[in-house]
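The following paragraphs lead through the fold of this chain, from an annotated region to its sheets, its cores and two unusual backbone positions. Please keep the sequence and the model in view while reading.

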Amino acid sequence: MRVLYLLNISNPDQLSADSGWIFADLLAPALADAGAEVTVAAPAAAGDARCGFHQTKVPGTKYRARFSADIDELVALVRAEKPDVVVANQIEEAPAIRTALLEVGSDALLAGYCHYLPFSFSGGGQLLLDPSLNDVGLGRPVLLAFAAGMAACDRVMVHSSTAASWLSAAAARMAVDLGDRLRVVPAPRDKRLVRDPVTACRQQGAAAIGVYNHRLYAHYGTEQFVHLARDLVASGAVHLQVMDLFGQRRAARTGLDDSPERMRDQLAALPHLQIVSDRGDRIRYRNLLADARFGIAPFRPGCPWSMSVIDCQGMGLPVIAPRLGWLAEHIDPELCFTTPAEAVALAERLATDDEFHAVHAKRAHASTADFAPALVAARYLEALS
């Protein structure tokens, strides 16, 4: 099977903060191990030496990534690669890809991966536009482009059962019949971020560290985390490390949304809280996680998956989480909270109760076993067959 994997990269200056690139970098070699011939078309190479690479332009903004597909480039790619399958990681590009396949006369299967959902649902079932994609009212055009992408695909893939249910509900409202095209294929875990929790050692006498390793965008619910962080560090029993995943961002990105910089400054002013950076080094990132006692999930309402949560769990870190979205599906119910007081109680128990921590460290680690790249690649190829 010849696979052409079309990958949008939103932040080529910080590839370690781009989950789409990391997923492709982990998945492409696993697909090659399974016998597929993979070519990645992206602004930066992903995979290993067995994987082909075609360099594409960096879209200037997240909106250009959704509305400015180059059909001439796509036609040339399809003609050169002669794929059996084309994977659109930016599903809004699927209609343009389908157009290119038509022009070339290719019968390649077109699969769209819904890496990011531009909507969520309220508790009452109301469809809500994602605020991060709703500048100057663009949220609805993005949603319609997303629906068009689903309609153009032979396969529509999502990370989780939660995402599948949301996607099915949204598709029905927009008169898109998914039929039997929907598949749940989780993202691969990073084998560099896997540690048997039995080998983890607690530093006696030191405050327990809770790690928050998510993007600091406002739409991730970071303001809610800022308020929670104040409560978590109040007693001094828990210290926090907050990852600065972006560092210095390009003006085009901060111009659209400067919330990561604002949130970082607010968090840096809190006591017992340290802003840390992996500097784009996955080994340094691993070491920062290894020093922590537990992780904290984001408050993002439309959360269909979280690479950062899986990173923590693979390292044997229990993760406490608000009871919403995919988090409620995946994380042990004992570690989900509704109120800040519940979150503080969980954090302090994980900090001080070694037996409780050990049980949940093992459960967290085990919950990622099915996300090994080889297993995910097998599910991926099954979905594409």
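The UniProt record, an unreviewed entry, places the feature "domain: Glycosyltransferase subfamily 4-like N-terminal" at residues 26-169. In this predicted model, the chain over residues 26-169 is 40% helix and 20% strand. The C-alpha atoms at the two ends of that stretch are 30 Å apart.

Consider next the sheets. One of them is open and consists of seven strands in the order β3-β2-β1-β4-β5-β8-β9, with parallel pairing. Its edges are formed by β3 (52-55) and β9 (182-184), each of which pairs on one side only. From one strand to the next, the twist averages 20°. Within this sheet, β1 (residues 2-6) and β4 (residues 85-88) are paired in the parallel sense over four bridges; Y5 has V87 of β4 as its bridge partner. Strands of a sheet in general pair through backbone hydrogen bonds, in either a parallel or an antiparallel manner.

Helices pack on this sheet. Helix α1 touches β1 and β2 (37-42), and its direction makes about 160° with that of β2. Helix α3 (residues 71-81) touches β1, β2 and β3. The direction of α3 makes about 160° with that of β1.

A further open sheet has six strands, ordered β12-β11-β10-β13-β14-β15, and its pairing is parallel. Here the edge strands are β12 (273-276) and β15 (336-337), each pairing on one side only. Strand β11 (residues 238-243) runs parallel to β12, and four bridges join the two. Across this pairing, L240 stands opposite L273 in β12. Helix α9 (residues 259-268) packs on the sheet through contacts with β11 and β12, and its direction makes about 140° with that of β12.

Where does the largest nonpolar core lie with respect to domain 1 and domain 2? The core comprises 93 residues, and those touching the most other members are F225, L240, L267 and Y380. Its largest share, nine residues, is contributed by helix α1 (residues 19-33). Domain 1 (2-189 + 372-384) and domain 2 (197-367) both give residues to this core, so it lies between them. A second, separate core contains 37 residues, among them I91, L143, V156 and A170.

The surroundings of F225 illustrate the packing in the largest core. Leaving aside residues up to four places away in sequence, F225 touches Y212, L240, V242, L267, I296 and F299. Two of these contacts, L240 and L267, are also named with F225 among the residues that touch the most other core members. L240 thus appears both in this core and opposite L273 of β12.

Finally, two residues deserve attention for their backbone geometry. V136 has phi near 45°, a positive value in a residue other than glycine. V136 is placed in the loop between β7 (127-129) and α5 (139-152). Is the V136 position buried or exposed? With a relative accessible area of 82%, V136 is exposed. H272 likewise is a residue other than glycine with a positive phi, near 60°. H272 is found in the loop between α9 and β12, the two elements that are in contact where α9 packs on the six-stranded sheet. At 41% relative accessibility, H272 counts as partly exposed.

How values were computed: Residues are numbered from 1 along each chain as its sequence is written. This is a predicted model: local features need pLDDT of at least 70, side-chain atom pairs count only at pLDDT 80 or more; totals for chains, interfaces and linings use all residues. Side-chain values use heavy atoms; hydrogens and water are left out. UniProt positions are given in the numbering used here, feature names are shortened, and annotations may be inferred rather than shown by experiment. A nonpolar core is a set of buried Ala, Val, Leu, Ile, Met, Phe, Trp, Tyr and Cys residues joined through side-chain atoms within 4.5 Å. Buried means under 20% relative accessible area, exposed over 50%, partly exposed in between (1.4 Å probe, protein chains only). Domain bounds come from an automatic or database domain assignment. Contact means heavy atoms within 4.5 Å. Two strands pair if DSSP finds at least two bridges between them. Axes are lines fitted to C-alpha atoms, for helices over the stretch in contact, and angles run from 0 to 180 degrees between N-to-C directions.
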